[in-house]
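Biologist: Please take a close look at the place where the two chains meet, and set it in the context of the elements around it. A connected account would serve better than a list.

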Amino acid sequence: MALNVLVFAETTDGLSLKKSTREALGAGRRIVDKTGGGEVSAALPVVSSGELPAALAAWGADRVLVAESSEFASYSPGGFTAAVVAAARKTQPSAILIGGTAHGKDLTPRLSARLEAPAATDCISIEIEGDKIFVLRPAYGGKVQMKVGFGKLPAILALRPNAFEALPEDSSRKAEVETLEVPLEEKDLALKITGTEKSKSERPDVAESDLVVSGGRGMRESENFRLLEELAEALGAGVGASRAAVDAGWRPHGDQVGQTGKFVSPSLYIACGISGAVQHLAGMIGSKVIVAINKDPDAPIFKVANYGIVGDVFDVVPAIIQELKKNA
Amino acid sequence: MNILVCVKQVPDTEARVQIAGEGKSIDIQDVNFILNPFDEFAVEEALLTKEKVGGEVTVISLGNESAGSVILTAMAMGADKGLLLKTNSQADDPFQVARVLAAQIAETGFEVVFFGKQAVGNQHGQVGLLVAELLGVPAISEVSELEIDQKSARGKREIEGGNEIFQCSLPAVFTTQKGLNEPRYPSLKGRMAAKKKPLDIRAVELAEARFVIESLSYPPQRPRGRILGDGAQAAAELVRCLREEAKVI
């Protein structure tokens, strides 16, 4: 049975597609190709679409619904919701896929309410059995995984960043591009985002980054995170922190990885001076490769690490940086 | 001002989580339950709002009988009264939970409603926004800075690589997260006082779930790792492994 999929196309400042959107397109493509006959549509709320429809096609969309409005210059919770709702009414999807970014997570329940459709957040895999959709999502701090089915479609699925693979970019792929009229009511614009402040860090955000260097109590003080910034720079990684490091005031709250922080699934997670409390493991256990550097050979972090080095972070990390630079 | 705060009882984050025999829920024997950590920020913000603009703070929780204990915790922190929406069914579907809460909140009346950004158990992160949509009022999720006066609110929410600055009129819903405030601890005096505060209990029915838990499983075991060595001398081997074996850099 053919299933149609709708993907929310999220951009960085209206210029390029977010990595999480490319991953959602890849996931959508796999659903459609497996079931046969359906199409992957993308809903694109933006000021001016430019090259974005072509990019959406190259990453897997068959059909692009472009909603252009000056209201879409930055994220508008009501406006973006209205745009995806309008696209859903037009394309009748069985699943709506959303990258689990800050905006994607904000959008998901709003769509669920407007479409009266069930939603699952933080999905790490999607299974199709016949015409039924199931997802797997971690719960209870990753101590269990939940297989979820849906009593009504569309199923609205927010995907954990880095948990799904994008397809290779293929610029020979073409999509049907059409204009999407989005009727905006006053209540859609009642909440206004009046501006954004960029953080001072030049490193990618910890939740989105495919490589993460993270520090804990063993870093001893705020200043010492410079060493991890340096390692992150050598790798092109984001910098995270344990709760201990955040509560000590060494790092901003937004960097915290763990049960009361962010859940991350990068390809590589390097834990420096982090003992590995269960609440921290909850946030990073889904990483593909985990490296632990800790003085204490009995630290629980070594139980989940693929590679461990027993030693002082302040000896080991500079040696790694040197090694990376040597063979760069 | 009518200030509401919705809270949830969740397993302690330290708890060992075991899947129950039927395979669809967790075994709650020997599990210690606590006020959801993100809800502590919601309760604190409700109290701060009351201190600033005046009014009354009502704590609402949906759950079984034992959920009354987290309402007591919130009242010990300083909330004025509590309402337990009692159900014995497993409240897995965030939409159905939100429906019941929204109906109750509409009946109670409100200027602001606070929720924690998500519960550490099911980790949906949906109920606060669903309730706002069902009520047709503005909602701001994951608020990290907030200023409320009699008629409006402004503040910040964290996004990747920065903050968004928002403003809206009241009534409105906010979901709270770490960094917004420092939740107070309930004092002994507060705990004693809480027992005398009004706690209303109403039985509620949840509609049929459309978010259906088919099964719970334990995550796959991670492959056994290895210690590459001690100190700086192991750095070269690590970089080689990451490049050639794991191929992640």
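Modeller: A convenient starting point is a single pair of residues: V148(A) stands opposite I213(B), which lies in strand 12 of chain B. The model in which this pair is found is a predicted one. The pair belongs to a ladder between the chains, in which strand 10 of chain A, residues 144-150, runs antiparallel to strand 12 of chain B and is joined to it by six bridges.

This ladder is part of an open sheet of four strands, whose order is 8(A)-9(A)-10(A)-12(B) and whose pairing is antiparallel. Strand 8 of chain A (125-129) and strand 12 of chain B are the edges of the sheet; each has a single partner strand, so one side of each is left without a neighbour in the sheet. From one strand to the next, the twist averages 30 degrees. At the chain A end of the order, strand 8 pairs with strand 9 of chain A (residues 132-139) in the antiparallel sense, over five bridges. Within that pairing, I128(A) stands opposite I133(A) of strand 9.

The contact between the chains can also be counted by residue: 70 residues of chain B are in contact with 75 residues of chain A. On the chain B side, the elements that give two or more residues are helix 4 (127-135), strand 7 (139-148), strand 8 (152-159), strand 9 (162-169), strand 12 (211-217), strand 13 (226-230) and helix 6 (235-245). Strand 9 of chain B supplies the largest share of this side, eight residues. Sorted by class, the side of chain B that touches chain A holds 37 nonpolar, 20 polar and 13 charged residues.

Of these contributors, helix 4 of chain B merits a closer description. Eight of its nine residues are buried, and the helix is thus described as mostly covered. The buried residues are V127(B), G128(B), L129(B), L130(B), V131(B), A132(B), E133(B) and L135(B). They pack against helix 4 (102-115) of chain A and, within chain B, against helix 3 (94-108), strand 6 (112-116), strand 7 and strand 10 (172-176). After helix 4 of chain B comes G136(B), with a positive phi near 70 degrees.

Another mostly covered element of chain B is strand 4 (residues 56-63), where seven of the eight residues are buried. Strand 4 of chain B pairs in the parallel sense with strand 1 (residues 2-7) of chain B over six bridges, and V5(B) stands opposite V59(B) there. Six bridges also join strand 4 to strand 5 (residues 81-86) of chain B, again in parallel, with V59(B) opposite G82(B) in strand 5. Strand 4, helix 2 (residues 68-77) and strand 5 of chain B make a right-handed β-α-β unit.

Finally, the partner chain as a whole. Chain A comprises nine helices and 18 strands. Its radius of gyration is 21 Å, close to the 20 Å that the globule rule gives for 328 residues, so chain A is as compact as a globular protein of that length. Along the principal axes, the C-alpha atoms of chain A fill a box of roughly 60 × 45 × 40 Å. Buried residues account for 63% of the 328 residues in chain A. Among the contacts in chain A with a separation of 6 or more, 66% are between residues 24 or more positions apart.

Terms used. Residues are numbered from 1 along each chain as its sequence is written. Chains are lettered from A and ligands numbered from 1 in the order in which they are written. This is a predicted model: local features need pLDDT of at least 70, side-chain atom pairs count only at pLDDT 80 or more; totals for chains, interfaces and linings use all residues. Two residues are in contact if their C-beta atoms, placed from the backbone, lie within 7 Å. Ala, Val, Leu, Ile, Met, Phe, Trp, Tyr, Cys and Pro count as nonpolar, Asp, Glu, Lys and Arg as charged, and the others, Gly among them, as polar. Two strands pair if DSSP finds at least two bridges between them. A residue is buried if 20 or more other C-beta atoms lie within 10 Å of its own, exposed if 12 or fewer, and partly exposed in between; C-beta atoms are placed from the backbone. A crossover is right-handed if, with the strands pointing away from the viewer, the path from the first strand over the helix to the second runs clockwise. Axes are lines fitted to C-alpha atoms, for helices over the stretch in contact, and angles run from 0 to 180 degrees between N-to-C directions. The radius of gyration is taken over C-alpha atoms; the globule rule is 2.2 Å times the number of residues to the power 0.38.
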